[in-house]
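Dear colleague,

I am handing over the structure below, and I would ask you to look through it before reading on. My notes on what was found follow after it.

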Amino acid sequence: MHVGIIMDGNGRWATKRGLPRLVGHKRGASRVKDIVKASTELGVTTLTLYAFSTENWKRAAHEVEGLMKLFRGYLQNNFVELNEKNIKVNFLGDPAPLAADLRVQMADLEALTKDNTLITLNVAINYGGRDDLVRATRTLAAKVQNGTLAVDDITEQVVSDHLDTAAQSDPDLIIRTAGELRISNFMVWQSAYSELAFIGNSWPEFTPEVYAEVIADYRSRTRQFGAVIPKGAEAVE
Ligand code: IPE
Ligand code: IPE
Ligand code: MG
């Protein structure tokens, strides 16, 4: 089972308490460890965390810098432990605009953890669903241009195989914290049949208990994928 989480509401969590937004981001980052652990206990085999969107560069420079500093700190502090815990880490998104030292650490962590099997942790940084599709389209067009791919051979599977999530299953469930009812450019293609859960708690308030309730609700749903499934025959992963 693949779960995607749009970790929203850090800023509001802090502002409501009279604190700077960056304190909320810090609090949010400290939720990650618990939620990764809870994921392994809840039967989640792939967890995708939406950490920074292609649109988040529009924020004030000091907030963007603060977020980048937090990623750097997260990578440094968790590098060894993620591997020891048998977690496979993947980064989604275009790393090109990120600082060189961050890119090196990200690539090193992916290489170090590539054979780990407990859970796949995707961290989406400078990720946009549309950007994912644009980059895939460019790769496909280049293959057509150099003769390694025929236009008629482009299928849904081929498109999926050229996205950042190539070889992964689509998210079964996408959770968004903090009450906003939108996807904000998260996995535009991959979410075609994802179940959605919008919850009121902000990301700093998203506990393993709340997570378990959301997963239980998901498991009570019927997924038909456009078909009509006879009562009693439905199975949710
Ligand atoms: C965290 O929440 C998500 C990131 C973009 C890092 P926000 O920073 O969007 O918090 P709100 O929505 O302003 O409360
Ligand atoms: C979505 O949250 C992006 C991440 C959680 C990384 P935003 O707070 O950026 O989304 P909008 O602006 O409310 O749509
Ligand atoms: Mg937000």
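To begin with the second ligand, an oxygen atom of ligand 2 lies 3.1 Å from a polar side-chain atom of Asp8, although please keep in mind throughout that this is a predicted model. Another polar side-chain atom, belonging to Asn56, is 2.8 Å from an oxygen atom of ligand 2, and for Arg176 the distance from an N or O atom of the side chain to an oxygen atom of this ligand is 3.4 Å. On its own ligand 2 has 390 Å² of accessible area, of which the protein covers 78%.

The residues that surround ligand 2 include Tyr50, Ala51, Phe52 and Ser53, and strand 2 (residues 46-53) gives the most to this shell, with four residues. By character, the shell around ligand 2 is made up of five nonpolar, three polar and four charged residues.

Turning to ligand 1, Asp8 appears again, with an N or O atom of its side chain 2.8 Å from an oxygen atom of ligand 1, while the corresponding distance for the side chain of Arg59 is 2.7 Å. Gly11 takes part through its backbone, where a polar atom is 3.0 Å from an oxygen atom of ligand 1. Taken alone, ligand 1 exposes 380 Å², and 87% of that is buried by the protein.

Helix 1 gives the most to the shell around ligand 1, with three residues, and that shell divides into three nonpolar, five polar and five charged residues. As for location, ligand 1 sits in the largest pocket, and ligand 2 sits in the largest pocket as well.

With kind regards

Technical notes. Residues numbered from 1 in each chain as written. Chains lettered and ligands numbered in written order. Predicted model: local features only at pLDDT ≥ 70, side-chain atom pairs only at ≥ 80, totals over all residues. Heavy atoms only, no water. Polar contact = N/O pair within 3.5 Å; in protein donor to acceptor, adjacent residues only side chain to side chain. Areas by Shrake-Rupley, 256 points an atom, 1.4 Å probe, with all protein chains shown as cover. 1 Å grid on protein atoms, 1.4 Å probe; cavity = no way out; pocket = protein on both sides within 12 Å on 5 of 7 lines; lining within 4 Å. Sits in = over half its atoms within 2 Å of the grid points. Helix = DSSP H or I, 4+ residues; strand = E, 2+ residues; numbered from the N terminus. Nonpolar A, V, L, I, M, F, W, Y, C, P; charged D, E, K, R; others polar. Near = heavy atom within 4 Å.
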